[in-house]
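Grab your favourite viewer and work through these exercises. Each one has a task, then a solution in steps.

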Amino acid sequence: MKVWECQQCGFIYDEAQGWEEEGFPPGTKWEDIPDDWTCPDCGAAKADFTMTEVA
Amino acid sequence: MSGTNGRIVVVGAGVAGVSAAGAARLAGYEGEIVLLGGEDALPYRRPTVSKELVRGDKGPDEVRIKPASWYEKNAIDLRTGVRAESVDPTAREVRLSDGSTLGYDQLLLATGGRPRRLAAGDSGAVTLREIGDADLLRERLDGRPDVVVVGAGLIGSEIAASARQLGCDVTLLETAPLPMPRVLPADLGRMYADWHAAEGTELHADVRVRAIRPDADDPSLTVVEADDGRTWTAPVVVEAVGMTPDVELARTVGVRLDDELGGVQVDELGRTSVPDVFAAGDVASMPDLVRGGRHRVEHWQNAQNHGAAVGRAMAGVEKPFDEVPWCWSDQYGGTLQITGWPESSHTIVVRGDLDAHDFTAFYLDAEGILLGAVGLGRPREIRSARGWIGERRRLDTTRLGDESVALEETLVS
Ligand SMILES: Cc1cc2nc3c(=O)[nH]c(=O)nc-3n(C[C@H](O)[C@H](O)[C@H](O)COP(=O)(O)OP(=O)(O)OC[C@H]3O[C@@H](n4cnc5c(N)ncnc54)[C@H](O)[C@@H]3O)c2cc1C
Ligand SMILES: [Zn+2]
């Protein structure tokens, strides 16, 4: 399970937790999220997320 | 002395301070990190103050920058509700509001800013910057009172939209002819003026507010008075006329300030004019490595990523900060994105449809070099534009507006 972070606003997408508000159940892999999905907080593109080491 | 040991004291637990503390740790800093937050709340996402928090869509627990456990896990000694009062750079000591002193090896000023006011004293108007301001305004909006918002910049426009969405009658006053004059050119300002009208927000442009004061007969009302004699009276008046960088502590350190842009002058690594004292975020006037000269940016992404870069520099990992600025704004459910420096452009080309709220507007100089872009609903184009602005790429302005041509194909060099 990986964690992805929005470079613009810091929103965290954690594969383990998913994002139920938009219909991604826990365990949803990053590659299974549609390419036109945007950051729920700031509207950045999916490509604006980077895989991150969570300190 | 940057290095991996000693004590870093970060003043200000906004996003710049929190990011700096985390990034210093991640870069291998092994000394103590103390993070002083003048506000009582756990560090939170300030942009929600004029959006989710004021509308009540999210509560304080849902807008934290990091969970409480993060600070402990990273050995970051977060002290909320404690202000740094003054600094003695010779003794390398900070005097705190609780009366104690704290020594440092390296100091970071991440003090952000405060709302600008039209006049000193209690005018009856509210301002919005801290989480408590959102609570207060939300309570006052409860009975759907009439609201007057002074200033149609990014924040004033958002507050107007939020209050309108809550069902209030909203009047929005702006000195310039169109909303968001500092960040948007006329075409887009006009689109927002139309949008306010369509949503029932009453926008008055070209209004120079001369005074805001409590109503003489009914102190529960506040009066806004314009230069031309017009007045507006409402139970809730919001003053959103910009921010002033907070240099109060910086003055006690004696660091060089920026008289023109405001704030503290730093170099490309966030170093001030005083050894081992750094500054980051809204308060920092920094070299603009894309266009030359200096700039001071008041956006979340800059504060977050500049803070992180300066935190790494304090840990000895020195890489100049050269990100192209980038911000967003939510109004009436549409997310506007702005990147680069659209205001300094020569030519504008719109791709898409302004009235449909589905477009990217590209801003170029006389040679066709991309300087900025503004988009609604087109994050991928904004992403491409942001990269190209940093690389000073040129675009073919005659084909840029033609959506049958792929965006990449309009690159000239
Ligand atoms: C209502 C609102 C909405 C916004 N919306 C957006 C948006 O949608 N998109 C966007 O890109 N940007 C937005 N911004 C801008 C963004 O929030 C700021 O750029 C960002 O918060 C700056 O971070 P910072 O850490 O530099 O400063 P700040 O967030 O101002 O944090 C500085 C902190 O330092 C503390 N402090 C100051 N002096 C001392 C002291 N002496 N001792 C201890 N603590 C001290 C302050 O109390 C404060 O908590 C918004 C700003 C506001 C106010
Ligand atoms: Zn985001």
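**Exercise 1. Find the loop that holds B:Y332, then decide whether B:Y332 is buried or exposed.**

Step 1: B:Y332 sits in the loop between strand 21 (326-331) and strand 22 (334-340) of chain B. Helices (H or I, at least four residues) and strands (E, at least two) are DSSP runs, numbered from the N terminus.

Step 2: Look at the backbone: B:Y332 has a positive phi of about 50°, although it is not a glycine.

Step 3: B:Y332 counts as buried because its relative accessibility is 10%. Buried means under 20% relative accessible area, exposed over 50%, and partly exposed in between (1.4 Å probe, protein chains only).

A word on the ground rules: this is a predicted model, where local features need pLDDT of at least 70 and side-chain atom pairs count only at pLDDT 80 or more, while totals for chains, interfaces and linings use all residues. Residues are numbered from 1 along each chain as its sequence is written, chains are lettered from A and ligands numbered from 1 in the order in which they are written, and side-chain values use heavy atoms, with hydrogens and water left out.

**Exercise 2. Do the same for B:R144: which loop is it in, and is it buried or exposed?**

Step 1: The loop runs between helix 4 and strand 9 (147-150) of chain B.

Step 2: B:R144 also has a positive phi of about 50° without being a glycine.

Step 3: With 54% relative accessibility, B:R144 counts as exposed.

Step 4: Now hop to B:G132, which lies in helix 4 (residues 131-140) of chain B. B:G132 is partly exposed, at a relative accessible area of 40%.

**Exercise 3. Work out which domains of chain B supply the largest nonpolar core.**

Step 1: Chain B is divided into domain 1 (7-114 + 244-314), domain 2 (131-239) and domain 3 (333-410); the bounds come from an automatic or database domain assignment.

Step 2: The largest nonpolar core has 55 residues, and B:L108 and B:F362 touch the most other members. Such a core is a set of buried Ala, Val, Leu, Ile, Met, Phe, Trp, Tyr and Cys residues joined through side-chain atoms within 4.5 Å.

Step 3: Helix 1 (residues 15-26) of chain B gives the largest share of this core, six residues.

Step 4: Domain 1 and domain 3 of chain B both contribute residues, so the core lies between them.

Step 5: Leaving aside neighbours within four places in sequence, the contacts of B:F362 (heavy atoms within 4.5 Å) include B:I348, B:L370, B:A385 and B:L407.

Step 6: Domain 1 of chain B also meets domain 2 of chain B, with 14 residues of the former in contact with twelve of the latter. Their C-alpha centres lie 31 Å apart.

**Exercise 4. Identify the donors of the zinc ion (ligand 2) and what the site ties together.**

Step 1: The protein donors are A:C6, A:C9, A:C39 and A:C42, each through SG, at 2.3 to 2.4 Å. Donors are N, O and S atoms within 2.8 Å of the metal (3.2 Å for Na, K and Ca); water is not among the atoms, so sites may look incomplete.

Step 2: In sequence, the donor residues follow C-x2-C-x29-C-x2-C.

Step 3: A:C9 is in the loop between strand 1 (3-6) and strand 2 (12-14) of chain A, and A:C42 in the loop between strand 2 and strand 3 (49-51) of chain A, so the pair ties together parts 33 residues apart in sequence.

Step 4: Check accessibility: A:C9 and A:C42 are both buried.
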